[in-house]
Amino acid sequence: MSAEPTRSWSHPPAMTDVAQMAGVSAQTVSRVLREHQHVKAETRAKVMAAVEQLGYRRNNAARMLSSGRSNVIGLVLLQTGFYSRTAVTLGIEGAARDAGFAITTVTTPSLQTHDVEQAMSLLADQGVDGIILSLPLISVSPRIEELTRSIPTITTDGSRTAMTEVVAVDQVDAAQLATQHLIDLGHRTVWHVSGPAEWLDASSRLEGWRRTLQEAGITPPPEVAGDWSPQSGYRAGQMLGRIPDVTAIFVASDEMAFGVIRALHEMGRRIPDDISVIGVDNIALSEYCSPSLTTVAQPFAQMGRLAVDHLLNLMDDPSQVPAPSTVQPQLIVRASTGPGPGHAQHRRS
């Protein structure tokens with residue numbers, strides 16, 4: 001009888017490969033590597049034999065078997081220079097450090113399922129105890145579902161799989177705060193520069209803006225699409241600045257709002273005398289632009305702490321998936337918003 005051919009791996013073996021060789025589920029492999037109590041000795045032996053034969057995370061597996069944890073949390077980010085992504089990362093890293101965990105970060109070039117799968121698989125192969133997905137899941141593949149079943153996973157952008165826990169800011173509420181602030185100032189309508197449609201944050205802010213206008217009896221004007229960048233905000237500002245009836249703009253991020261303000265300045269439109277502008281995020285620069293930007297603050301540091309705390313709880317009991325946890329945003333009023341037409345007498349106050 002001929003010997004079974006040896007498989008040739010073009011990438012490091014993943015947990016699913018161990019599961020296939022051992023004839024068990026990926027979740028069972030995870031339980032064995034974590035020394036879960038409710039695993040039969042025969043099953044444990046098969047899994048460890050597959051681990052040994054495939055060379056799957058041998059060093060990490062040994063460390064996990066002796067300590068129960070690798071003390072490493074994986075973080076998946078989209079490749080971007082946007083400040084809000086950096087701020088969330090700093091919050092997560094600080095909270096993880098305080099809890100005695102290191103962070104291993106993997107960036108993905110896009111939000112496509114294949115790229116997210118690769119990033120998560122890389123972290124799984126490194127033996128992380130849990131994963132924080134700081135990006136939206138546009139669609140969920142069987143592979144992503146499988147990974148989140150075998151490794152405790154938190155998402156921070158509102159999207160989820162069957163087994164992930166969500167920690168997120170209430171983005172609908174953020175948009176309602178911004179839009180209602182402008183309505184309360186007497187503006188007859190509020191225009192919106194939105195983020196990219198594939199981001200749940202952007203679609204939620206779009207929903208909150210529309211809902212607030214409709215509840216006030218105002219028909220929403222067409223939204224202007226942006227991509228989170230100041231350049232897209234600048235292009236939106238050039239267009240909106242040419243419309244005489246525009247007196248108030250809700251921009252879906254501070255960085256896009258900077259671009260809007262720059263375009264309005266260049267066109268001679270005074271802020272807030274002619275047009276009020278409000279953003280979202282409350283990044284550090286928002287207080288120092290001219291005029292200082294009214295915005296809806298997202299508590300990035302709190303988000304990081306919550307994500308790590310929830311992940312540690314999920315790691316202690318992976319079978320429990322609590323309801324999503326939302327953090328409430330806060331309106332920060334500065335100089336870029338003022339009374340609408342007919343309310344000029346209140347402008348000084």
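This passage describes strand β6 with its neighbouring strands, and then the packing of helices α10 and α11, in a predicted model.

Strand β6 covers residues 191-194, and its side chains alternate in direction: Trp191 and Val193 point one way, while His192 and Ser194 point the other way. Whichever way they point, all four of these residues are buried. Two partners pair with this strand. With strand β8 (residues 248-251), β6 runs parallel and shares three bridges. With strand β7 (residues 224-225), β6 again runs parallel, here through two bridges. Val193 is a handy landmark for finding both pairings in the viewer, as this residue stands opposite Val251 in β8 and opposite Val224 in β7. The route from β6 to β7 leads through helix α9 (residues 200-215), and the resulting β-α-β crossover is right-handed.

Attention now turns to a pair of helices. Helix α10 spans residues 230-240 and helix α11 spans residues 254-266; their axes come within 6 Å and cross at roughly 40°. Because of this angle, α10 counts as oblique to α11; angles under 35 degrees would have counted as roughly parallel. The crossing in which α10 passes α11 is right-handed. On the α10 side, the contact is made by Pro230, Ser232, Gly233, Tyr234, Gly237 and Gln238. Helix α11 contributes Glu255, Met256, Gly259, Val260, Arg262, Ala263, Leu264 and Glu266 to this contact.

Methods
Residues are numbered from 1 along each chain as its sequence is written. This is a predicted model: local features need pLDDT of at least 70, side-chain atom pairs count only at pLDDT 80 or more; totals for chains, interfaces and linings use all residues. Side-chain values use heavy atoms; hydrogens and water are left out. Buried means under 20% relative accessible area, exposed over 50%, partly exposed in between (1.4 Å probe, protein chains only). Helices (H or I, at least four residues) and strands (E, at least two) are DSSP runs, numbered from the N terminus. Two strands pair if DSSP finds at least two bridges between them. A crossover is right-handed if, with the strands pointing away from the viewer, the path from the first strand over the helix to the second runs clockwise. Axes are lines fitted to C-alpha atoms, for helices over the stretch in contact, and angles run from 0 to 180 degrees between N-to-C directions. Angles under 35 degrees count as roughly parallel, over 145 as roughly antiparallel, 65 to 115 as roughly perpendicular and the rest as oblique. A crossing is left-handed if the near helix is turned anticlockwise from the far one by less than a right angle, and right-handed if clockwise. Contact means heavy atoms within 4.5 Å.
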